[in-house]
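Q: Got a minute to go through this model with me? Let's start with the charged pairs.

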Amino acid sequence: MVGIVIVSHSKQLALGVQELAAQMVQGKVAIAVAAGIEDADNPLGTDALKIYEAIASVFSDDGVLVLMDLGSAVMNAEMAVEFLPEAHQQKVYLCEAPLVEGAIAAAVAAAIGKNIEQVMAEARGALKAKATQLGVNNLTLDSSSNTQAPMSAAYPSKEIRLTVSNRLGLHARPAAQFVATAAKFQSRIYVQNLTRNTAVVRGDSINQVTTLGVRQGHELLITASGVDADAALAALQTLFANNFGENDTAVVSPPITQMEATHGELSGIAASPGVAIAPVIHYQPALVTVTEYHVNDPEAEWQRLQSAIHTAQQEIQIIFSQASLQIGDTEAAIFDAHLLFLEDPVLLETVQQRIMEHHLNAEAAWQAVVDEVATSYSTLEDAYLRERVEDVVDVGQRVLRLLAGNTATSLHLEEPAIVVASDLTPSDTAALDPSKVIGICTVSGSATSHSAIIARTLGIPAVLGVNPEVLRLEDGTLMALDGESGKAWVEPEADILGALEAKREAWQTAKREALAKAHQPAITRDGKQINILANIGSIADVQAAVAGGAEGVGLLRTEFLYLNRNTAPTEEEQLAVYQAIAQVLDNRPLIIRTLDVGGDKPLPYLRFSVPEANPFLGWRGIRFCLDHPELFKTQLRAILRASAEHNIKIMFPMIASVTEVRTAKASLREVQAELRQAGIPFDENIEVGVMIEVPAAVVIADHLAVEVNFFSIGTNDLSQYVMAGDRNNPRVAHLADALHPAVLRMIQQTVQAAHTAGIWVGLCGELAADPTAAGILLGLGLDELSVNPQAIGMIKQAIAKLTVAQAEAIVATALQLDSANDVRALVQ
């Protein structure tokens, strides 16, 4: 770690700076003082020998930064360096940075492991924050200078002042919404936290917006300059008025208990409730170590980094999709912020500049900028926002891993265990299997970290912030932990074990009682029943769905069978999975959607000859399957064979024409004929349905209804196609809102066509899991809703509070409104 030396004429001044800097880093950095002279009558001065001794006391191979006040301090520091061995002289840097601000900035940078060049850069830039806050530009004392945003000569600057009302302020998710909204306009948008008197920052930078430290009640000044400035400010005003889509439920952070380890007991932070008793297993992903070197072709290096970032975006998109299914869309939005981090224009411009101007390798340039962002988060006053460092590190390490060509570390458990780790990133936590990982115990972390939020959503008990000695435990050591009290026990005594087992049983009994209500049917107050099924993407998901009260599976996403492998799954592999899922359902319906991949979610072993400019409008879904008949028929054979003893239905995705349905059914008939000839049993009356997710399918729904047994409306894709807004593009994602009256009219038209033809219709998009939308969906006449397992109980309760007449009245009003926000205001 870099050492720091403070050289001053005044010993008292130097000791004060040392104390201030040390408090900022909690003593983690070696800081020495060389100040004053041994003269009682005239103590002000500097001594080269003292400076030499101070440098030697903090010397390390990482380097020493020397900060001086003025005059003889500089000359004596230069002389002191000459006293050092020649090899050491190369690692001592005299810096012209301001003494107080520079020492604090350098100490913070050194504490998080920055190299000597980065520490020196932080020290040199230490006056910028003060200058900005005081309205001084370019460090001049011009009274006309201020912190106003840059203005366009062609367009006058417009501004609004807004007060943040949501409870946690602009944390990761609302900050991501702010940036996504700001970025969709041509105008340049700047924002300043007036309450904290911060600098003005760009509104399209996720890192700069988050580091404003905006909390509930803070007033922001938002400035826009450009052709659509009024529209931009109006959109941001709407975002604030809607509370960024958050409710006012208080987030209570359990009290932090001091870490201690006595008689096998560990105390930490209660992060996720519940009791776990199991052997421990260590999880320690390998961090990528960065070596800095000079590159001759910076353009190629920049392209290499861009390629890694693109792959990282694809990986995070997969995590986001899987997390949406497992923990719900609200908590999965954490990974939206990860995607925005990789699109942050300020971050990317800075990295590109370092590569191009300094000929740095991609790894070193990326790590340096990520470290700077992490530092800006870690120095925020607000504890909740400081914890967003974990997200920065998570995304940063992902890109470094890809640059290094390393494979991702994963945790595979044969038996249930408690995972012990130094820390878990949000990506690590989202990938855990709750049936195998029954507890989490880490050295770092907090109750409001994104990893803790995910653990709570997954229902995994967690105790964080325990004594580092826990990392020395051998795998297989018995541990018990109580996520409610924040305590863990290593090889607990019989009396403690008995008490915890009793508490675990009581906790599980309470959960069973709560789930019992979720197992009741969803019946309106006037007696209409709506079937509530689950969307799943694995065998583990179906177990959670049934436990959560699902009346079947309305959507089995079969893509999980094809991912993370080098060849397509065989017929026997697929059959085993379909049978296992159907077995868990115990004759409840299972709707299997055939493979839905394409340019937006490609498979590594299926080459796409030409990259598609817009894969959402490209070769995907049923189009792809019909062009790969053997792949398609292999899946159909497995589904049909599984249907012999189970209640299984087939559903084709991305249907846009009657011809596609008929061609897919022809393939199905061919496979059925082959199975009959081979004497292999299957359900001769298996039902066939289609996804309604393309506007063309809505328009011809009456024709499609003649061909199939049911419809399932996929509002995620339908809304983005109807509104021409890519839900993965932060600039236009807000348009793809399933509550928009245009989308609701499409749903109504589909339902009417289905019921006229005598077939039933369900809905399996995110909209189905929104309790506030239950009245809309009931009033539109849907027969079935399919949601993520966590939402089943809430949706059933929401439906039970309504009557059909009330719901139809809500719909009649909603269809006449002008926007999704108007509809949302109506249902809320």
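Q: Arg-620 and Asp-717: buried or exposed?
A: Both Arg-620 and Asp-717 are buried, meaning under 20% relative accessible area, with exposed over 50% and partly exposed in between (1.4 Å probe, protein chains only). Keep in mind that this is a predicted model: local features need pLDDT of at least 70, side-chain atom pairs count only at pLDDT 80 or more, and totals for chains, interfaces and linings use all residues. Residues are numbered from 1 along each chain as its sequence is written, and side-chain values use heavy atoms, leaving out hydrogens and water.

Q: How far apart are the closest N and O atoms of Arg-620 and Asp-717?
A: They sit 3.4 Å apart, in a salt bridge (a side-chain nitrogen of Lys or Arg within 4 Å of a carboxyl oxygen of Asp or Glu).

Q: Which residues share a network with that pair?
A: Glu-559, Arg-593 and Asp-596 are joined with Arg-620 and Asp-717 into one network, through salt bridges that share partners.

Q: And how many salt bridges in total?
A: The count is 29. One of them pairs Lys-158 with Asp-230, closest N and O atoms 3.0 Å apart.

Q: Is Asp-61 buried or exposed?
A: Asp-61 is exposed, at 60% relative accessibility. Asp-61 forms a salt bridge with Lys-91, at 3.4 Å between the closest N and O atoms, and Lys-91 is partly exposed at 29%.

Q: Switching topic: how many disulfides?
A: Zero, counting pairs of cysteine sulfur atoms within 2.5 Å. As for single cysteines, Cys-95 is buried at 1% relative accessibility, and Cys-764 is buried at 4%.
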